[in-house]
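Could you open the model in your viewer and keep the selection box handy? We will walk through it stop by stop, selecting a few residues each time.

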Amino acid sequence: MNFTTLQIQQIEDKGLNVEKVLSQIEIFKTGLPCISLKSAAILGHGILSLNEDGNLDYLSFYNKHKEQLKIIKFVPASGGATRMFKFLFEFLESYNIKKDSVNAYINKHKATELSLFLVGLEKFPFYKLLLETTIKNNPNYNSLSNNKQVVLLVKTLLGENNLNYSWYPKGLLPFHKYKDHIATAFEEHLFEAALYATSKGEATIHFTISEIYKNIFEEEFKRIRTIVEQKTSTKFKISYSYQREETDTIAVTLKNEPFENANGTLHFRPSGHGALLVNLNDFDADIVFIKNIDNVVVYRFEKEVAKHKKILAGVLLKTQQQAFSYLKELEQKTLSENTLIEIARFLRKKLNVIISHEFEKYSSKYQVEYLKSKLNRPIRVCGMVKNEGEPGGGPFWVKEESGNVSLQIIESAQVDKKNRHQKSILKNSTHFNPVDLVCGIKNYKGEKFDLTKFVDHKTGFITMKTKTGKDIKALEFPGLWNGSMANWNTIFVEVPLVTFNPVKTVTDLLKATHQV
């Protein structure tokens with residue numbers, strides 16, 4: 001395949017090379033295999049359910065050790081707010097005020113989101129500002145019909161020369177209305193971190209953002225810093241990074257040929273949240289909490305959420321402590337058969353590692369190497385909530401090409417839904433992944449793992465997109481908590497639904513956990 005001089009320059013400017021781009025095009029041609037589900041992970045078989053004593057034990061273990069640890073909270077926050085307002089854009093595009101009332105439009109189009117938005121309008125944290133701005137721009141507002149008022153409110157909310165909320169990153173939109181101020185999701189992450197992610201009175205939080213928003217994130221932190229630090233008695237170290245250009249992937253036509261823009265350049269696209277593994281890999285920390293930007297709650301629920309974060313961290317620390325102890329033993333001594341079997345049992349029972357049925361036939365030297373290779377990996381402890389129809393990946397036992405079976409977080413897009421058996425396993429899953437992770441990214445010697453060595457590169461996604469009205473195919477890397485962590489040791493723990501409160505659409509802000 002011959003690229004033009006301009007295209008080769010473009011590839012190199014992105015930090016890529018021609019070979020890498022050609023290998024991406026090859027993936028489009030050969031396709032990516034579907035995941036082979038063995039069974040859903042359920043309570044007692046892949047998902048740990050803790051009783052109150054267990055919760056208290058892990059909670060106190062974390063509280064006892066956290067002051068000696070380097071802790072980071074890692075928040076993917078590059079998501080824009082456009083999709084939150086999708087139904088409002090559709091309303092502006094298709095509503096004809098001369099033909100229908102707003103109520104008639106709602107009934108005709110079964111526009112339940114719009115109905116919910118209008119009924120709850122006064123409960124939104126931005127309502128006062130929205131109304132004031134609309135009246136300021138339209139002094140005759142109060143004398144207009146209800147239909148015209150609704151159209152003006154929506155236009156003011158979304159209009160480029162008005163509030164323009166769909167342009168903003170989700171993290172900087174008004175999320176919660178308190179007596180004396182309005183809080184963004186960004187602010188709530190600071191208050192929440194102070195409750196579980198501090199060490200020696202300091203909280204380190206890292207946000208991955210789009211570069212165009214860096215200034216407004218910094219301004220927001222400057223605006224709220226003093227008051228948040230005073231209220232929480234915590235010093236905050238805030239840092240930012242971006243999805244790097246070298247992680248972008250080429251888009252192709254339906255014939256698997258590079259899609260060219262009108263000016264002759266190649267069309268590259270961001271490769272999904274799996275690209276953030278590179279950012280995560282830069283950190284030197286004992287514990288990393290990972291949580292999405294839009295998954296926050298109002299203050300009255302924060303202590304409950306923080307408690308379960310600490311429990312997950314306690315599970316990680318206690319398991320890691322035992323794993324490190326066994327790894328040191330494996331390195332230093334000639335171990336008895338009983339000890340080797342004990343370590344294998346620990347791997348199976350505590351880290352959900354399926355041990356080869358050939359294990360007992362191996363020579364003791366190979367048994368040691370085998371156990372070392374299984375134990376010496378990053379560990380992730382993931383909260384799992386009961387499936388109540390929310391979108392998101394789920395916990396499954398997966399059969400790999402090698403025949404190994406492991407615990408994974410799988411997105412429905414990775415499953416062959418034409419296969420009735422696979423579809424049935426997917427349908428019968430009891431829990432899903434709220435992106436609630438606590439990660440141990442150092443080995444037993446205190447050295448940082450190279451996280452790029454634990455990725456299953458065959459678990460990416462090929463998705464359909466459009467560009468200038470034409471269908472194109474895009475390639476996404478293995479998701480950050482999916483294939484990018486496929487070869488980590490994994491523990492799933494059931495957590496309550498109160499820990500999962502994403503804002504996928506603006507009407508989610510009307511739910512109890514977002515209302516003061």
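Start by selecting Glu192, and remember as you look that this model is predicted. Show everything it touches beyond its neighbours within four places in sequence: Glu192 is in contact with Lys73, Lys291, Asn295, Val296, Glu302 and Val305. Glu192 itself belongs to helix H9, which spans residues 185–196. Is Glu192 buried or exposed? Its relative accessibility is 0%, so Glu192 counts as buried. Now display the side chains of Glu192 and Lys291: a polar contact of 2.7 Å joins them.

**From Lys291 to strand S17**

Keep Lys291 selected and follow it into the strands. Which residue of S17 is the bridge partner of Lys291? It is Asp436. Next, colour strand S12 (residues 287–291) and S17, which run antiparallel and are joined by 4 bridges. Strand S13 (residues 379–386) is also antiparallel to S17, again with 4 bridges. To see one of the pairings, select Ile379 and its bridge partner in S17, Gly440.

Now select the whole of S17, residues 436–440. Because 5 of its 5 residues are buried, S17 is largely enclosed by the rest of the structure. Turn on the side chains and look along the strand: Asp436, Val438 and Gly440 point one way, while Leu437 and Cys439 point the other way, and all are buried.

**Strand S14 and its partners**

Move on to strand S14, residues 394–399. This strand is mostly covered, with 5 of its 6 residues buried. Add strand S1 (residues 36–40), which pairs with S14 in the antiparallel sense over 4 bridges. Within that pairing, Ser36 has Lys399 of S14 as its bridge partner.

Then add strand S15 (residues 405–410), which runs antiparallel to S14 and is joined to it by 6 bridges. Select Trp397 here, and you will find Leu407 of S15 standing opposite. S14 and S15 form a hairpin, with 5 residues between them. Zoom in on Gly403 in the turn, where phi is positive, at about 100 degrees.

**Helix H1 and its two faces**

Select helix H1, residues 5–13, and highlight Gln7, Gln10 and Ile11, which are buried. Why do they lie on the same side of H1? They cover an arc of only 100 degrees around the axis, which puts them on the same side of the helix. An α-helix has 3.6 residues a turn, so residues three or four places apart point the same way.

Rotate to the face turned away from the buried side, and you meet the exposed residues Thr5 and Asp13. Rotate back and show helix H2 (18–30) and strand S11 (268–269), against which the buried residues of H1 pack. Before you leave, click on Gly15 just after H1: its phi is positive, at about 85 degrees.

**Asn256 in its loop**

Now select Asn256, in the loop between strand S10 (249–250) and S11. Asn256 is buried, with a relative accessible area of 14%. Draw a distance between its C-alpha and that of Lys29: the two are 6.3 Å apart in space, although 227 residues separate them in sequence. Not counting residues up to four places away in sequence, Asn256 touches Ile25, Phe28, Lys29 and Lys473. With Lys473 there is also a polar contact between the side chains, at 2.7 Å.

**Thr505, after the strands**

Select Thr505 in the segment after strand S20 (489–494). Thr505 is buried, with a relative accessible area of 12%. Beyond its neighbours within four places in sequence, Thr505 is in contact with Met84, Phe87 and Glu113. Show the backbone at Met84 too: its oxygen lies 3.5 Å from a polar atom of the Thr505 side chain.

**Zoom out**

Finally, clear the selection and bring the whole chain into view, with its 15 helices and 20 strands. The radius of gyration is 25 Å, close to the 24 Å that the globule rule gives for 516 residues, so the chain is as compact as a globular protein of that length. The C-alpha atoms fill a box of roughly 85 × 60 × 45 Å along the principal axes. Colour by accessibility to see that 53% of the 516 residues count as buried. Among contacts between residues at least 6 apart in sequence, 77% join residues at least 24 apart.

Key:
Residues are numbered from 1 along each chain as its sequence is written. This is a predicted model: local features need pLDDT of at least 70, side-chain atom pairs count only at pLDDT 80 or more; totals for chains, interfaces and linings use all residues. Side-chain values use heavy atoms; hydrogens and water are left out. Helices (H or I, at least four residues) and strands (E, at least two) are DSSP runs, numbered from the N terminus. Buried means under 20% relative accessible area, exposed over 50%, partly exposed in between (1.4 Å probe, protein chains only). A polar contact is a pair of N or O atoms within 3.5 Å; within protein, one must be able to donate a hydrogen and the other to accept it, and residues adjacent in sequence count only if both atoms are side-chain atoms. Contact means heavy atoms within 4.5 Å. Two strands pair if DSSP finds at least two bridges between them. The arc is that of the directions from the helix axis to the C-beta atoms. The radius of gyration is taken over C-alpha atoms; the globule rule is 2.2 Å times the number of residues to the power 0.38.
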